[in-house]
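Reader: Hi! I'm new to this, so could you pick one part and take me through it slowly?

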Amino acid sequence: MGTRILAVEDDERIRTAVKLALEEEGWIIEEAETGELALEHFHRNPADVVLIDIMLPGIDGFEVCRSIRRTSDVPIVMVTARVDTHDVVAGLEAGADDYLTKPFAPKELSARIRALLRRARTPDHAAGSTLRFGDLELVPDQGMVRVSGREVHLTKTEFRLLCELASSPGRVFSREVLLERVWGYGYFGDGRLVDVHVRRLRTKVESDPANPRHVATVRGLGYKLQG
Amino acid sequence: MTVTDLAVPDGVSPAARARGVLLGGRPARRLGIRARITLSFGLGALLLSTILAATTYTLTRSNLVDARERNVVRQTYLNARQVLQTLPREPETMRDLLASLQTPTGSNPIVFQDGTAFPLQPIQFGEDALLPELRRVVLTDGLPALMRYDLDGVPQLAVGIPLAVPDVDAAYFEIVDLSETEATLRALGLSLLGAAALTTIAGAALGWWASRRALRPLADVSEAAEAIAGGRLDTRLAAIDDPDLGTLATSFNDMAQALQERIERDARFASDVSHELRSPLMTMAAAVSVLDGQREGLEERGQQALDLVTAEIDRFRQLVEDLLEMSRYDAGAVRLQPEDIRLAEFVLQAVGASGYRDVPIELDADLAGVVVVADKRRLARVVANLLDNAAKYGEGATAVSIRNAEGVVQLAVEDLGPGVPEDERQLIFDRFNRGGLSGRRGSSEGVGLGLALVAEHVRLHGGTVWVEDRIDGRDGARFVVELPTDDAG
């Protein structure tokens, strides 16, 4: 069975065209016209990827995103109208994994989805084992993260970001490298993706997210993971 | 005020034309209103104080001289009576008599007895000190007389009184030196002159101050107008608490308000339209990609048509994005996402991503560590747009080069096209201005926003952009972007 994508878009013509184009690319598309319908549909029948337009009548895209995030780690792609405003950051903070700006090329969307569906990179030496960084434990094979023995739930992208950092503890990863390895972007990827995801990760794995112990910022260079 | 029509060279933008006409309304070399008010006040004060001083001087002078004259005459009569009682007497004792007389300062009493003059002080000039007319009137006609005259530039007053002494031909004279009075008058004249000068200066100062005060609201208005022209549309004048000028502030603010609303409405309109265009574009982009997937199944004519639509949708999308970016600039809503960028790496990436990856890149050796703080994606648009421009109007870029200079880096894109004439080098960065080249090159090329966006992006990065001749002297254009470098980097 193929990968199922739930596309939430109120404009019927766009919905139809995107559905046709994505089906050409081999995905299975399920449609929802409003946020309410999307949530109902998702809870009944969770998709593998969700595509949400921010501008929706009724509850907006941010709210749909937050609702889904309460119960699911499914990859979410936001469709925004503008790159510049805080829409992008707000969407990422609501739990989206990536974003696209309207109008986008369907091939670009396919590439984004494929990148988000990639499996977490398991550090070679850590197959089947548990990695420990102080009170932070990471079991790559099981996709499990524990802080002080208590399991925390990460989204798939947060988990892949953590695994990437854990693949070489103490090494500084630049935004460009993380964008490429986690999101599949080139040089011109949006560094805010990394920044917001690191922020989200910290609220989950740090006891004091304002003074992170594990996911450290190296000014002007990037991020690193430490014990 | 007459409007002089200035000759505006062809190719000057309408705005410059309008400015030219407005400037032409002011005749050259005319004094400003403040200078004119100051001058009027000064001249008025000068006239008034001169009249006052002259009147004062004239009146004082005649009063002073008259009083002195009366004094001298009265004293002379008193002395004459005293002399009369003692005449005739021996010439040897005449001096004692004269010395005993009470005479005003600067006075020289003279007694005439039987044709001989007996002065108290020796008269250097002899008897002629008494002018012949005076002697004649007093001695011959036997009448008292008074005469004023100058002796060697010193004013003199001479009073003569015939003395009725039996059998003796006698008269009494007094010659008074009036130089003291003249000195007083001169001092007065000087003081009056000084006062007049001071009054004139004070008048001019008053005029200057008053005009400044009166014109201050105008200065405020001009400052506010400049601020508005500079883009700060929310500039307003503080209310002027003056019945004559209050309406100025009110109507100026009304005008500014109307202007701001109108400009914002226009900007919003452009932004709204562009946003509205996104939805149909999205549909078209998705639909055409479906068709593109089935391209092989189409006949050749169908494929050609499909390629056209695909290319046009791409251009359309670029236009909408450019328009949106431009309206963001108009609304002042552009927020850069500044990052430390290693320039050498950036340029390689930007050229690689631009669709002109074959253009050679020339890097200075000392660029390795050069870092600029910039919005990566906007700066990449600058590079891409310059390459686009070279492809459309310059027969393709021949090189992208970067040079490191003191505190700045210069990124240059060169082509071997016809170049840009001097008078178009500013205009070329205006919106929808394709310069004189558009006619020859076919107007369907480009959308005319590329270079305008380049200018806006570079400006927001604190840099400058210009176009010049190629350095090697061949035909062609050289677009240069100059950006400040991060000193710490």
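Author: Sure, and one term comes before anything else: a polar contact is a pair of N or O atoms within 3.5 Å; within protein, one must be able to donate a hydrogen and the other to accept it, and residues adjacent in sequence count only if both atoms are side-chain atoms. The model here is predicted, so local features need pLDDT of at least 70 and side-chain atom pairs pLDDT 80 or more, while totals for chains, interfaces and linings use all residues. Residues are numbered from 1 along each chain as its sequence is written, chains are lettered from A and ligands numbered from 1 in the order written, and side-chain values use heavy atoms, with hydrogens and water left out.

Let's zoom in on Arg478(B). Its side chain has a polar contact of 2.7 Å with that of Glu468(B), plus one of 3.2 Å with that of Glu414(B). Arg478(B) is buried, with a relative accessible area of 5% (buried means under 20%, with a 1.4 Å probe and protein chains only). Leaving out residues up to four places away in sequence, Arg478(B) also touches, among others, Trp466(B) and Ile471(B) (contact means heavy atoms within 4.5 Å).

Now step back to the strand. Arg478(B) sits in strand 12 of chain B, residues 477-484 (strands are DSSP runs of E, at least two residues, numbered from the N terminus). Six of the eight residues in strand 12 of chain B are buried. Strand 12 pairs antiparallel with strand 10 of chain B over seven bridges (pairing takes at least two DSSP bridges), and Leu411(B) has Val481(B) as its bridge partner. Strand 11 of chain B also runs antiparallel to strand 12, joined by six bridges, and there Val467(B) stands opposite Phe479(B).

Definitions and conventions
Helices (H or I, at least four residues) and strands (E, at least two) are DSSP runs, numbered from the N terminus. Buried means under 20% relative accessible area, exposed over 50%, partly exposed in between (1.4 Å probe, protein chains only).
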